[in-house]
Every structure is written in C-alpha cells, then in structure tokens.
Amino acid sequence: MTAIFVSAVGVLGTIMGAAITAVIAARTERRRERSQERVQLNDLRVEHQRWRRERRQAAYLSFLEALGNADRDNQAFFRELRAGHTPVPFDETRTAAIRVKFKDAESAGLVVALEGPEAVAEAAHDLVDQLSSLVQDVREYAEAVAADGHPNGGDNVHDAGMRFIAERKAFLGLARDALDEVTRHIQILPETQLREGAG
C-alpha cells in the first residue's frame, strides 16, 4: 500500500511539476511577446520620427533655397540701380522675373507651413512677408530711378533688407530647434527596461 501511495504521490508531483512548468513557460512567453511588441512599437516610432525629420529638413532647405534665389536677384537688381548715375528705364522683365522667384519662395513656404510645427510655419510666413516688402521696395526704387534718376538713396530698401536678415535668422533658429525636437521625441527603450519586460 505504501508503494502505491508513494507511487501516486510521485505521479501527482510530476503532474503538478509539469503544470507549474507550463504555467511559468506561458507567463514567460507572454512577457517575451509583450517585450517584442514594445520593441516593435518603439522601432516604428523611431522610423516615423526619422521620416518626419527628413521631410521637414527637405521642406526647410527648399524654402531657404527659393528665398535665396529671389533675394540674390533682387539684391543684384538693386545694386545695378544704385551703381547707375543716370535715369534707367524701368525694367518690367527683370522685376517680373524676381516676382516669379518670389512666388516660388512663397510656394515653398506653404510646404513648410504644412510640415510645421506652428512656430516654424509662422516664421516662414513672416519671412515671406519680409521678402515681399523688400521686393516691393526695390521695385519702388527702380520706378524712382526711371522717373528722375536720383531716388532717396535706398534707405527703405536697406531697412527692409535688415528686417529680412533678422527674420531669416529667426526662422533658422526655429527650424533648427524643430529638427532637434523631432530627434528628442525618438524614445529608445533602455536595455534594462527591455530585459525586465522579457524576464
């Protein structure tokens, strides 16, 4: 009888041991799966943030290039007007070409507004407004040169140019911060947290 009892206890112990092992293995497997899900979610988050940063950077660069193109042509036109000492006929073709480049910059600014964030979008809008003012001041200077050859010396153009430079500097700072902010949002789980989730 004792042998049967010991044998039954042994079988029962083996069954309980197998059941406990199965429960522990199932819990471990669930933890491992949750840990993998967290890692995959984190990887997706990191990839999305990289994609967002690249898109913003491309939009900001295109905007700055378009602004630079319009500003360079506008400055060159202004310098030529200042260098002349006699009345020069108003060059509608030249001002129209500058206006087209301004419109390109304005369109690139809309892409910046879409990519955001809000502070950068506002700075881009302010920068486009400042360039518009500068282009208009050069146009008015060209009209004055065509009329009498001796306009006010270009003080309005100079002041508008300085405001444009200040707005561009503000935009650059905000754009740089926005690109850095995207990088800060990438939250890579520490290795210890990943191990704790698996264990």
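This passage describes the overall make-up of a predicted model, then one helix pair and the largest pocket.

The secondary structure of the protein chain amounts to 5 helices and 0 strands, and from the N terminus on the order of elements reads α-α-α-α-α. The chain has 199 residues, of which 27% count as buried. Among contacts between residues at least 6 apart in sequence, 85% link residues that are at least 24 apart.

A good place to look next is the pairing of helix H2 (residues 92–115) with helix H3 (residues 118–148). These two helices pack at an angle of about 175 degrees, and their axes lie 9 Å apart. Angles over 145 degrees count as roughly antiparallel, and H2 and H3 are therefore roughly antiparallel to each other. On the H2 side, the contact is made by Glu92, Thr95, Ile98, Arg99, Phe102, Ala105, Glu106, Gly109, Val112 and Ala113, while H3 contributes Val120, Ala121, Ala124, Val128, Leu131, Ser132, Val135 and Arg139. By character, the residues of this contact comprise 11 nonpolar, 3 polar and 4 charged.

Helix H3 also takes part in the largest pocket. This pocket has a volume of about 210 Å³, and 14 residues line it, with Gln75, Leu134, Val157, His158 and Gly161 lying nearest its centre. Helix H1 (2–83), H3 and helix H4 (155–184) are the elements that each give two or more residues to the lining. H4 supplies the largest share, 7 residues. In terms of residue type, the lining of the largest pocket splits into 7 nonpolar, 4 polar and 3 charged.

Conventions:
Residues numbered from 1 in each chain as written. Predicted model: local features only at pLDDT ≥ 70, side-chain atom pairs only at ≥ 80, totals over all residues. Heavy atoms only, no water. Axes fitted to C-alpha atoms, helices over the stretch in contact; angles between N-to-C directions. Helix = DSSP H or I, 4+ residues; strand = E, 2+ residues; numbered from the N terminus. Parallel < 35°, antiparallel > 145°, perpendicular 65-115°, else oblique. Contact = heavy atoms within 4.5 Å. Nonpolar A, V, L, I, M, F, W, Y, C, P; charged D, E, K, R; others polar. 1 Å grid on protein atoms, 1.4 Å probe; cavity = no way out; pocket = protein on both sides within 12 Å on 5 of 7 lines; lining within 4 Å. Points joined across faces, edges and corners; volume = space filled by probe spheres on them. Buried < 20%, exposed > 50% of the residue type's maximum accessible area, 1.4 Å probe, protein only.
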